[in-house]
Amino acid sequence: MTNFSHKKVAVLGFGLEGESVVKFLLNQDVEVHVFDEKTETEFDMGKIDSYKNAGVKFTFHTIPDLSSFDIIIRSPGVSLMKYEIETASAKGILVTSSTKIFLDLCPCPIIGVTGTNGKTTFTYLLESIAGKMGWKAGVIGTINYRIPSEKPGETETLPAKNTTPNVLEIQKIL
């Protein structure tokens, strides 16, 4: 999904990923509705008010029928098995995630490395192999972010702010 223009979008969950999606959508000429099963008082009211002033609509403590939406963006903590999501999906409404949107919009190939041990070592090896092949490669890891410089063969290293940066941060890095 790469075209959000003039769509009515439901964002399910307003944690880190949900908020990142809302920030992204505010620049996409869409109608944004956020639904979260928490109560409004569990959030930073200043933040909620600033998004409301930008046109975002919020509904707390429930997720209603979603059949009036064009796109549903689900945060990882919201189960795909929720009745409202299954019903909307059965009606042909696109159910996606911020990760899928990022992958659709990313201008380059991505390799994700998961596991318990050896991820940093493995990603540095992949970066080195890619460099030897003449490819520009970067590493977004828990220790730092290694980004190819404009100068051939050079890398800019930035300290990692979080264990896992949110989708908007990754997009900026790339």
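Begin by selecting Asp44 together with Gly46 in this predicted model: Asp44 caps the N-terminal end of helix α2, which covers residues 45-53, and one of the side-chain oxygens of Asp44 lies 2.9 Å from the backbone nitrogen of Gly46. Then follow the helix to its other side and select Gly55, which comes just after α2 and takes a positive phi of about 105 degrees.

Now zoom out and show the whole protein as a cartoon, where 6 helices and 8 strands should come into view. Tracing the chain along the sequence, you will pass through these elements in the pattern β-α-β-α-β-β-α-β-α-α-β-β-β-α. The C-alpha trace spans about 50 × 35 × 35 Å along its principal axes, and of the 174 residues, 32% count as buried. If you switch on a surface, the accessible area comes to about 10,600 Å², with 54% of it belonging to carbon and sulfur atoms. Colouring by charge brings up 18 positive and 20 negative charges, whose mean positions are 5 Å apart.

Next, select residues 139-140, which form strand β6, and residues 144-148, which form strand β7. These two strands pair in the antiparallel sense over 2 bridges, and they make a hairpin with 3 residues between them. Within this pairing, Val139 stands opposite Arg146 of β7.

Keep β7 on screen and add residues 155-159, strand β8, which pairs with β7 in the antiparallel sense over 5 bridges. The hairpin of β7 and β8 has 6 residues between the strands; select Gly153 there, since this glycine takes a positive phi near 80 degrees.

The last stop is Asn144, a residue of strand β7, whose bridge partner in β8 is Pro159. Is Asn144 buried or exposed? With a relative accessible area of 14%, Asn144 counts as buried, because the cut-off for that class is under 20%. Show the side chain of Tyr124 as well, and you will find a polar contact of 3.1 Å joining it to the side chain of Asn144. To complete the view, display the residues in contact with Asn144 beyond its neighbours within four places in sequence, namely Tyr124, Val139, Thr157, Leu158, Pro159 and Ala160. Two of these names have already appeared on the tour in the strand pairings, Val139 as the residue opposite Arg146 and Pro159 as the bridge partner of Asn144.

Notes
Residues are numbered from 1 along each chain as its sequence is written. This is a predicted model: local features need pLDDT of at least 70, side-chain atom pairs count only at pLDDT 80 or more; totals for chains, interfaces and linings use all residues. Side-chain values use heavy atoms; hydrogens and water are left out. Helices (H or I, at least four residues) and strands (E, at least two) are DSSP runs, numbered from the N terminus. Buried means under 20% relative accessible area, exposed over 50%, partly exposed in between (1.4 Å probe, protein chains only). Accessible areas come from the Shrake-Rupley method with a 1.4 Å probe; for residues, only the protein chains shown count as cover. Lys and Arg count as positive and Asp and Glu as negative; His and the chain ends are not counted. The place of a charge is taken as NZ of Lys, CZ of Arg, CG of Asp or CD of Glu. Two strands pair if DSSP finds at least two bridges between them. A polar contact is a pair of N or O atoms within 3.5 Å; within protein, one must be able to donate a hydrogen and the other to accept it, and residues adjacent in sequence count only if both atoms are side-chain atoms. Contact means heavy atoms within 4.5 Å.
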